[in-house]
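Work through these exercises with the model open beside you. Try each task before you read its solution.

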Amino acid sequence: MSKIYIIGLGPGDINCLTLGALERLNSGYKNILRTEKHPTVSYLKEKNIPYISYDFVYEEKENFEQVYNYIVEDLIEKAYKYKVVNYFVPGNPLVAEKAVEILLDCREKKNIELEIITGMSFIDPMLVAVNHDPINGLKILDGLKIEEQKVDINTANIITQVFNKNIASSIKLYISEIYGDEYEVYIINNAGIIGKEKVIKMPIYELDRYDQITDLTSIYIPKVDKINTKIYDINNLLDIMDILRGEGGCPWDIEQSHSSLREYVIEEAYEVLDAIDNGDIDNLEEELGDLLLQVVFHSQIASEAGYFNIIDVTTNVCDKLILRHPHVFKQKKVEKSNEVVYNWDEIKFKDRKIENYTGRLKDIPKLPSLMRSYKVQKRAADIGFDWDDIYGTIDKVKEEYFEVIEALNLCKGGDMEKVEEEIGDLLFSVVNMCRFSKVNPEIALNKAINKFIKRFEKMEIKSNELGKDLKSMTLDEMDALWDEIKNT
């Protein structure tokens, strides 16, 4: 069987080369370097140790994925040809080496034996350079995939593979959104290389202004100080809620239950809607936080009772999103957004074991009546039970209006149950007209309410200018003011 030795060259200082690495260098087998842009290469040249490198591949290929795939394929070909080859990488072969990762995944399929001879990674001298003990928390991130891997403000972060200014600029834009422009980080060049190591502290906004970025550059982001912090993430929110509900916490928070918090969930959801309707982005940010608090609050209460926790909540919703988006996660082709909604509903009904159309209508939760009626009508329409055009809904509104008038005439101050029923039918028909017009009745009614309040305010201001109190005015006088304001 052909064999590839994968050997770490250490962080750069020649003294960090292991005996195992030196033995492989002098083994007589073909030495192949991922890159010769590494300080230990000077030792190879000094000792006349022959080698070839893959530096040319970085120039020829369009992206790093193509580079790594080429290296893997070429290494395997050379292993087949020479039976044994040595492949040298900077640092530790198992730290930030994508080609090694690919080799490990495909070794059985390619019938290749791999042996890893470890080396000191860049992490150890990095930690020494910034005096950080990893027991206090550390996250290592690939600068080429920073947005996928995400920094953690509650621990220190090391960002590697900061090869050039463009990568540094992308990192700056991403982390400044989290930490702010002024937050201070460290650029570390040539970590662990005596006489060449540089540690520079700077605010995030200066990251891409630094002009000495090389292949041996990394960024260290200190953990956010919990006492003086100005930023928090979901983990901080969970910790705070745990404190509030714990021994010595807040008496009010401790005595809350799912039932007692019910009204706040509804209230916060409506405040989110209000911020959206008003186009108030700053307020939307605040209200979304209040709504998130309710999710965390209920999860904490459930966790204390042994039912579920926030991880169960996030797992459930992630599973649901993946399951109900087969066109994204399982290569199922979907052309239009309405097909996405249809697939979502079909998968949801199957998941909930809803086997008939009436069950689909009953499955709609007890939302506010306008919203619930809209959804009921939409699901009925999905199976074809709908008007041919909007004029059918308009005729139905007219029909229900006259039935309300008839019920009122027949009632004459007696039992109002029939009137209530007919007004309900009228409202249901108006919602149907809204749906057919692609108008959300909840939003439309809220706008009408807000318009009424604004006009009423102007009417009150006008009455004050006339030296009159609204309450003392006749209905005709108020109607006259209302019409005046409405027509302006």
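Helices here are DSSP runs of at least four residues, strands are runs of at least two, and both are numbered from the N terminus. The model is predicted.

**Exercise 1. A loop residue**

Task: Find where leucine 261 lies, and decide whether leucine 261 is buried or exposed.

Solution:
- Step 1. Locate the residue. Leucine 261 sits in the loop between helix H10 (251-254) and H11.
- Step 2. Recall the cut-off. Buried means under 20% relative accessible area.
- Step 3. Apply it. Leucine 261 has a relative accessible area of 0%, so leucine 261 is buried.
- Step 4. Look across the chain. Histidine 298 is 37 residues from leucine 261 in sequence, and their C-alpha atoms are 8.1 Å apart.

**Exercise 2. A salt-bridge network**

Task: Which residues does the network of shared salt bridges join, and where do they lie?

Solution:
- Step 1. Take one pair in helix H18 as a warm-up. Glutamate 400 and lysine 396 form a salt bridge, with the closest N and O atoms 3.3 Å apart. The two are 4 residues apart in helix H18, so about one helical turn separates them. Glutamate 400 is buried at 5% relative accessible area, while lysine 396 is partly exposed at 25%.
- Step 2. Now name the network. Lys3, Glu113 and Glu115 are joined by salt bridges that share partners.
- Step 3. Check one link. Between glutamate 113 and lysine 3, the closest N and O atoms are 3.6 Å apart. Glutamate 113 lies in strand S5 (residues 112-117) and lysine 3 in strand S1 (residues 2-8), so this bridge ties together parts 110 residues apart in sequence.
- Step 4. Check another link. Lysine 3 also meets glutamate 115 in a salt bridge, at 2.7 Å from N to O. Here strand S1 is linked to strand S5, and the two residues are 112 apart.
- Step 5. Compare exposure. Lysine 3 is buried, at 12%. Glutamate 113 is partly exposed, at 33%. Glutamate 115 is partly exposed too, at 32%.

**Exercise 3. Two surface patches**

Task: Which residues gather in the patch of negative charge, and which form the nonpolar patch?

Solution:
- Step 1. List the negative patch. Asp274, Asp277, Asp280, Asp282, Glu285 and Glu286 gather on the surface.
- Step 2. Assign elements. Helix H11 (262-277) and helix H12 (281-304) each give two or more residues to the negative patch. The largest share, 3 residues, comes from H12.
- Step 3. Inspect one member. Aspartate 274 is in helix H11. Aspartate 274 has a relative accessible area of 38%, so it counts as partly exposed.
- Step 4. List the nonpolar patch. Tyr401, Phe402, Ile405, Leu408 and Met416 form it, with about 480 Å² of accessible area together. Leucine 408 belongs to helix H18 (residues 390-411), and leucine 408 is partly exposed at 41%.

**Exercise 4. The largest nonpolar core**

Task: How many residues does the largest nonpolar core have, and which have the most contacts inside it?

Solution:
- Step 1. Count. The largest nonpolar core has 23 residues.
- Step 2. Name the centre of contacts. Ile159, Ile175 and Ile219 have the most contacts inside this core.
- Step 3. Trace the sources. Helix H8 (165-179), strand S8 (184-189) and strand S10 (217-221) each supply at least two residues. H8 gives the most, with 6 residues.

Conventions
Residues numbered from 1 in each chain as written. Predicted model: local features only at pLDDT ≥ 70, side-chain atom pairs only at ≥ 80, totals over all residues. Heavy atoms only, no water. Patch = residues over 30% accessible without salt bridge, like charges linked within 9 Å, V, L, I, M, F, W, Y side chains within 5 Å. Areas by Shrake-Rupley, 256 points an atom, 1.4 Å probe, with all protein chains shown as cover. Salt bridge = Lys/Arg side-chain N within 4 Å of Asp/Glu carboxyl O. Lys, Arg positive; Asp, Glu negative; His and termini not counted. Charge placed at Lys NZ, Arg CZ, Asp CG, Glu CD. Buried < 20%, exposed > 50% of the residue type's maximum accessible area, 1.4 Å probe, protein only. Core = buried A, V, L, I, M, F, W, Y, C linked by side-chain atoms within 4.5 Å.
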